Each structure stands twice: as C-alpha cells, then as structure tokens.
Amino acid sequence: MADTQMYKVIELFDSNIVTTEGDDWLRHRRLTTRGLGDEVNRKVWKEALKGGRDELGKWLGSDGKMQNLESDMMGLSFGVMWRAGFGMKRAETEIGPSKIPHRISFKYAFEAVSARLFLVTTIPHWLLARSPVESHRRAAGAFGEFERYVRELVEEKTEMMAKGDDGEQMDVLGSFIRSMHRKPSSPNYDKLASTPPTDTLTQSELMADIFIFLFAGHEATASAMYYSLLFLALNPLAQQNLQSSLDTLLSQRPPEEWSYDHDLPALLTGMTGAVMNESLRLMPPFMYVPKIAHLGNGSPELTIDGKRMVVPEGCQVSIALPALHRNPNCWPTEKEVEDDLDRFRPERWFTTKEGAASENGNAAAPKLYRPPRGAFAPFSDGPRSCVGRRFAQIEIVAVLAAVFLTHSVELSVSDFATDVEVDRMPAGGAGRRSVWEKAAARARERMPMGIEESGLGLISRDNARRIGFRIAKRGEERFF
Ligand code: HEM
C-alpha cells in the first residue's frame, strides 16, 4: 500500500488525496476522478494546443532563444491546470478579486510556498512569522497570501457555478465544490450540494486537494515536457522522425483545426506518444514510488530469480522507476548496442521485444509496444495510480505536436561559438557539427541519467537547468 507518511511534507491545510488511506482516501479519490472526465480532457487538449503556440510565439519573439525552458514549461502547465482543471477564466497571474489587495500574484504565492514546503508543513506559522531568520518570515508571508488566495478561489468558483457562469462544466474544482459540505442556510446549498454526506469534503480538505493538484499535477507534467524537448534536441534524428509523422497526420492544418476525437488518438498511439513514453521511461518525473508492506493487503511475497521472499509487515519499499524502466527482459533493444536501454530511442516503441517491426508502421492504425504489466510505471499502477494520467498525456502530446509540426528545437552552442561564427561555418560542414557535438557532450554531462545522481525531487535537477536551447523554423535549422 502507499506509504502515506512519506508524503506528510505535502500536507498543506489538511489531509488530502495523497496523505489519506482507506475510506478517507476513497472519498478524496472518488471526488477527484469525477472532475476528470471527457469534458475536462477536451479543455486540456484545447488549452495545451494554445499554450504550445503561445510559447512558440514567445520564443520566436526573443530571437529563438529559449532562456528558461524549465520555467516556461511550468508556466504552461500551470495555465492548463488553472483554465482546464479549475475552469478559471481570468489569467492565473492576475491578482485575485480581493477586498484586501494581495502583494504577490496567485502563481507566485503558490511557487513560493512550494519552494518552502518543508518549513510551512512542519513549523507552526505563528512561529515562522516571528522567527529571526528572514527566509522563515518570508515562508510565513507566502503561506498567508496563498491561503487567502485559495479561499478566494473557492469563493470565486462557487459564485461562478451559482450564476451558471462556468457553463455547467464539470471540472476538478467544480467537482470538489459541488461536494463540499455546506450548511443548508448557505445561499448556494440547494444548487451545489446534491451529493450525499459521505461524498463531501470539508473546506480545509478541499483547499488541501487544490494544492495537491497544482503541486503534483502541473510540476510532473512540466518535467515530462521539459525532458521530451531536451531529449529531442539531443537526438535530431528522432526529432525528424517525429516531424515526418506529424506531417503525415496533421499535414498543414493549423492547431485550431486539430480534432480531439481523431487527431488526439492518432498522436497518442503514434510517434508523438512514443516520444512521450520514451522520455517518461528514461526520466520519470517521480523517480521513486514509496510503498509499505501490509499483511492485510494480500500476501507481501516477492519472487526474485525464482526464490520466494517475504517482505515483513511495515517494511518500506521504494520502487525506483528509472531502474524498473531499464529491465532488459521487458523492452525491445538493439542487441548490438551496449546500454541501449539508457538511450533515448522512441522508435523502440514500434518494435516487438524480439526486435521485429510491429504493425505500428501503419499510420492509420498505429499501436505502440506494450511492456509487460509493471515494467513501465511512470504513473504508478493499481488503485493508487495517478488520477491525472490522461490529463497529463493529452497535455504533453498536444504541446509536442503544436511545437514540432512547424519548428525544431536545437541545443544552444553559445558556450562554444557565437551566432556570427556559426553563420560563417558552411551548412552541413564539419565546423558546425563539431560545435554541436561539444554542446551535446556538455548537455549529456549535465543530465542526471542515474538514480543516484538524480535525487528524489521533481524536476529539481539543477544541472539540467543550465542546458541552453534555441527554436528554429523547420528548414532553418543550423545543425541538422
Ligand atoms: C507526467 C505527468 C505525471 C506523472 C508522471 C504522474 C505520476 C504520478 C505517480 C507516480 C503517482 C503515484 C504516487 C504514489 O503512489 O506514491 C501519482 C499520483 C497522483 N497524481 Fe500524478 N502524475 C502526473 C500528472 C498528474 C496530473 C496532471 C494530475 C492532476 C490532474 C495528477 C494528480 C495526481 C494525484 C491526485 C495523485 C494521487 C493519487 C492517489 O493517491 O490516489 N498527476 N502521479
């Protein structure tokens, strides 16, 4: 079962879907999944396509330089959660409709609290506010602002729903609010509280789940998008394969004409899905899934190399996803290439384990390789697996398609040659190739590929942040 103690550090406001067990957890889970249906997925698709195009516009506006790809991806996925998941209409960076003005934006308050989670979940806030240490007082200030924002967010959404302003939409926040236990005297009670009392959340539980959705949802998705772009920049041939498949699927249609019902399934099961899966295989946003052996939960036995082992009650077991995802018994590999499973090779998802080309070449009905159950678990597996899996998958493939149909992402070589020097080198010549190789070698050094190097954190891979990128129109790439 889930080792919920490990997650106490993200218990802000109250217990939440991640830190509860048994009936309590089921209640959070039921309410959450109710708000994550097809209606929301369609909005995720639309918002992610728009987000991808907006980022493109921003990068092109700064002369192709992608100054901080990681924070761009975080901003994009925060916006998708805000508009599609929470159904909010105003921009997430706009200061909220408060009588007492806020000092910082909602997004900034959230980021400030996330960066200081350990402090705000372990030390009483009154103590932090009086601490002689400045960073403690800042943490208390950010928490105070964030708490006020979340209360206002709930009020704002409740009003939108009562007025019918949210188009009767069932999104994550709407589902939570509909289920919040309200006193019959509340003016919105009749309209909003139609569910039985067992399916309710208290105000503080609702606030806690809002935080979890922002925290777990948007950071993990941003990490997956960031690494997909990084892997593609490092592997130009895979990038070209992706672009050819997008040409076939989408031809020159603009994203506004792409269809959720036809184009999305083709993207998910084609090369775009393969790129996403391969990136999640090598660099899963959650490196470990913490579990705890529980006798009441079936027999905690493992069979390792034919030997039966018993895992004692209460034993903590951490599933190291990067190791799990490199099991040579479970994946198609290029046998002649040593460490093939450490390589980013999305094409592997189009072969069988025996190495034969699968039927996936068929663009009309592609199908990706299906590893044995348990061998690929970036979203975990079983009852505690990720509720936002579909949300995230749609967002990732939409952004990849919106960017790569018309543009390419290149490594920046500015540490090794200026733009003028690169322009002087003949296209396709050894000079350009050589500076690119240097930039690629530097980027590989900075990428945490092993579990020991990568640590536990989500996207907190400081070295990888120092890798520079550029965006180029297709046909205007400088190196390939
Ligand atoms: C690429 C993106 C994502 C990845 C790789 C990911 C991965 C995971 C993993 C591995 C777990 C299980 C954690 C554990 O058991 O210890 C999990 C749980 C969870 N995820 Fe995600 N996630 C992603 C995106 C999202 C999104 C977009 C949302 C919200 C819309 C979300 C909401 C949640 C929630 C609420 C849980 C807790 C489920 C429970 O305990 O019942 N995730 N996720």
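Hi everyone, this is a short talk about the surroundings of a bound ligand in one protein chain, and about a few residues along the way.

First, some housekeeping. This is a predicted model, where local features need pLDDT of at least 70, side-chain atom pairs count only at pLDDT 80 or more, and totals for chains, interfaces and linings use all residues. Residues are numbered from 1 along each chain as its sequence is written.

Let's begin with the overall picture. The protein chain has 18 helices and seven strands; these are DSSP runs, helices being H or I with at least four residues and strands E with at least two, numbered from the N terminus. Of its 480 residues, 39% count as buried. Buried here means 20 or more other C-beta atoms within 10 Å of a residue's own, exposed means 12 or fewer, and partly exposed is in between, with C-beta atoms placed from the backbone.

Now to the ligand. Which residues come nearest? Of the 27 around the ligand, they are Gly217, Ala220, Cys386, Gly388 and Ala392, where a residue is near if its C-beta atom, placed from the backbone, lies within 6 Å of the molecule. Helix 1 (22–34), helix 10 (203–234), strand 2 (288–292) and helix 15 each give two or more residues to this shell. Helix 10 provides the largest share, seven residues. By class, the shell has 19 nonpolar, six polar and two charged residues. For that count, Ala, Val, Leu, Ile, Met, Phe, Trp, Tyr, Cys and Pro are nonpolar, Asp, Glu, Lys and Arg are charged, and the others, Gly among them, are polar.

Let's stay with Cys386 for a moment. An unreviewed UniProt entry annotates Cys386 as "binding site"; the position is in the numbering used here, the feature name is shortened, and such annotations may be inferred rather than shown by experiment. Cys386 sits in the loop between helix 14 (321–324) and helix 15 (389–404). Buried or exposed? Cys386 counts as partly exposed, because it has 17 C-beta neighbours inside 10 Å. Leaving aside neighbours within four places in sequence, Cys386 is in contact with Phe379 and Ser380, contact meaning C-beta atoms, placed from the backbone, within 7 Å.

Finally, two backbone curiosities. Asp63, in the loop between helix 2 (38–61) and strand 1 (65–66), has a positive phi near 60° without being a glycine. Asp63 counts as exposed, because it has 9 C-beta neighbours inside 10 Å. Ser251, also not a glycine, has a positive phi of about 40°.

Thanks for listening!

Notes. Contact = placed C-beta atoms within 7 Å.
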